[in-house]
Amino acid sequence: MTATITSPSKKKSFFSIRFISNISQNMKLLITNMFFHLLCFPVLMGVVLREMYLSDQKVSYSDDSIPFVFIAFVAFIFSVVLGFVIPMINFRYLYNKTLVDMNYSLPLNNRQRFFADYISGLIVYLVPLFVGFVISAIEILIGSTFIDLHELFEYFPLILKISSIMIIGMIMQYSLAVLAIIFAGSTFEALFSIASINIMIPSFISITWINIVNAAHFGLDESSIIKNLTFFTTSPVGVCGYIIYYINILETSQFDYGFTRITERLSSFTDLSYAAFLIRSILFTVLIVMISFLLYKKRKAEDVSKPYVFKGFYYAIMTITIYCIVSLMKMTIILNGVVTSLIVSGIIWFVMEVIRRRGFKRFWKSVIGFAAVSVGVLGIIKFIDITNGLGRAKYLPSVSSVNNMVVNIYGTNEIENVNNRLLTDKQLISDIIEFNQEIVDRHFHPDNYKYEIYSKYFDQNNAYNNFDEISIDITYYTKSGAAYIRNYCVPSAMLTEFACDLYTSEEYAEQITKEGYKNSLCKGRGSYTIHVENPTEAEYCQITLTDKRGSSKIVEISIEEGKQLFEALRMDIANMSPEDLKKSDYYCELNDILINSACHNTTAFMDERDIKYNKTSKEMINTMFLNEDYLTIKTDPVYLFPIYAFTNSDYIDRFFNYLYHYKGYDSEYNHDLIKLENTLCLGIHRERSSYDYDLQRNMQLDNVTSVEKLLDIATPIVIDEKVIAEVQFTGSTLYVIDRPGNREILEEAMQDLKKYT
């Protein structure tokens, strides 16, 4: 009998037959998946449209929609689970001995068989999702005929981005499941491999980063893993993390800023990072598919039922498992945690070896394998330790590579309006990177710096008053879409150059005045006063003026006057130089924005319209008489900074615990303290109270001329200068700066206060 020879063209046609056959065999799964997706996005869109309709009709909120949201969520979870089930069915012949011979005997080459199975399964998995999207779009079109969907359409680009991220994540999930199945030789191994590969990839990346942070620690932040593109683009868990973080940025921006800087804040993550995410996740998914195909070609029919066809995958999974267990136990406070972790790891290793080997055959190899893997894991962890976290604490992006940055500053001194401030100005970025480099240098090369050591102890009763520290959180967003987070605690004066450049930059001027104007828009009066976002809805502008003793006064001006006022302030800040800022005198605060004597347009505007507040010393003292306030003076204050903060940021966490909760951990803080010559404060400092000082001075005086002179020279603003006295009253702090003639005025006032205490 002559064998039948199949021509290449005839053989090629079997791809479509295989493809259609798979779709037909998976029709029940396709219908089931369609059912889940019909219960998901179309139901969610129906809920959204219903809520928007009720809002248009001024109907109060009800929780009737919550069950439908829950149903949609559960349906989506089931549809995602099918991303594991479908490849297990399409490639079941790889771990089912009764099916492998039939599938391998068909007139298909490896390429045709693999891609027919892969693509057909992917279609069964994704087509119902697109059907759900189409039905949701139809709902929107129908709803737009009787509901104002303007607000929904504003979020449409965001919805498209999240949808594309979700689709990529589902394709990645499906592809990783196919890869895991190709390694397996049995049903158990297929299930174990799918679970392992989806858990171990994000676990390995996360725990490696935590090991790096624990080894280097200085300046690094464990939470930066939530902005790590490697984490986001290598597993479905990472993709979910990206979606959650993406949405969280929007919610945080709306909560923090209300109606300001939402677009700007989002751009730091959604533009460059979104593009980088797409490119890297697609490339990773393509790589997974190609690796799957190459390994698929190497499989033979007789490999089915063998323990792990490709043993390298099994050992990689087990090595990562041991690495994660040892690392996690090392981070705990358990004594002999490494020994405990090795015992736990050994139990898991040997159980899996018994399952893989189908018994105890040649079990001595398992012992040698575990010993080798354990040594390797401990070596990797030790290498991370001795290299100070692979040197990550020293790494800083270049100025040219940074697209923008977010800076958050807080501490014992005030630097106003730098709360999650998004900045793109290259000079400001350069200032921060230069400052950051100095901090890193102080940490790794302490011998290059000399400090005046004040004491190894501090006064626990006035611990908070003694310290001058600023905590700064920096997030660099690079042009490649990466994000780097750094956290430090420094003396306030180290931020002088950055603060001066910030407070006189055009970018800051535009941001802060835009926020000030929008936050001043109001309608209604008295208890019915509400802040509005849209200027067309506002009836007037409500501004708050604060004098240097911290007393505030609310003033109402027209919308047009509000525009003119904040435009004048924008011009003043933008035209001001750092030297102007340093030489100018405090005038007032307008909606928490610093106004100084260099703000000529702003002060002229306020004088022309007779917008008054307690700005003279006499006016402030009269108010103090009326309120029976107390005044205290602390001469020659000493500002201290723990030098240990430059060497170990663990200390800072314990230090803050002590300051804010007043715990008696004094033995923990017997470290050298630096005596600081100068300080920086750019805002009214309210943390200290008059009761923090032993002396309390009553202001009931017959002759207050000397005190008026003292208050004339006292200022809440100090820009890298030496302070010779603190004047404290009503919870606010003013500083007397070491300038010609100031000490004589201080001494005269002190004499009068002694007479009239």
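## Where two helices touch

Contact here means heavy atoms within 4.5 Å. With that in hand, let's look at this predicted model, starting with a pair of helices.

On the α7 side, the residues involved are Asn110, Arg111, Arg113, Phe114, Phe115, Asp117 and Tyr118. They meet Val289, Ser292, Phe293, Tyr296 and Lys297 of α14. Sorted by class, this α7–α14 contact is a mix of six nonpolar, two polar and four charged residues.

## How the helices cross

Helix α7 covers residues 110-143 and helix α14 covers residues 272-298. Their axes come within 10 Å and cross at roughly 135 degrees. Angles over 145 degrees would count as roughly antiparallel, and 65 to 115 as roughly perpendicular, so α7 and α14 end up oblique to each other. As for handedness, the α7–α14 crossing is right-handed.

## The four-stranded sheet

Now for the strands. There's an open sheet made of four of them, running in the order β2-β1-β4-β5, with antiparallel pairing. The edges belong to β2 (421-423) and β5 (483-490). Each of these has a single partner strand, so one side of each is left without a neighbour in the sheet. On average, neighbouring strands in this sheet are turned by 20 degrees against each other, direction ignored.

## Zooming in on β4 and β5

What joins β4 to β5? Eight bridges do the job, linking strand β4 (residues 470-478) to an antiparallel β5. If you want a spot to find in the viewer, try Ile472, which stands opposite Tyr488 in β5.

How values were computed
Residues numbered from 1 in each chain as written. Predicted model: local features only at pLDDT ≥ 70, side-chain atom pairs only at ≥ 80, totals over all residues. Heavy atoms only, no water. Axes fitted to C-alpha atoms, helices over the stretch in contact; angles between N-to-C directions. Helix = DSSP H or I, 4+ residues; strand = E, 2+ residues; numbered from the N terminus. Parallel < 35°, antiparallel > 145°, perpendicular 65-115°, else oblique. Left-handed = near helix turned anticlockwise from the far one by under 90°. Nonpolar A, V, L, I, M, F, W, Y, C, P; charged D, E, K, R; others polar. Pairing = 2+ DSSP bridges.
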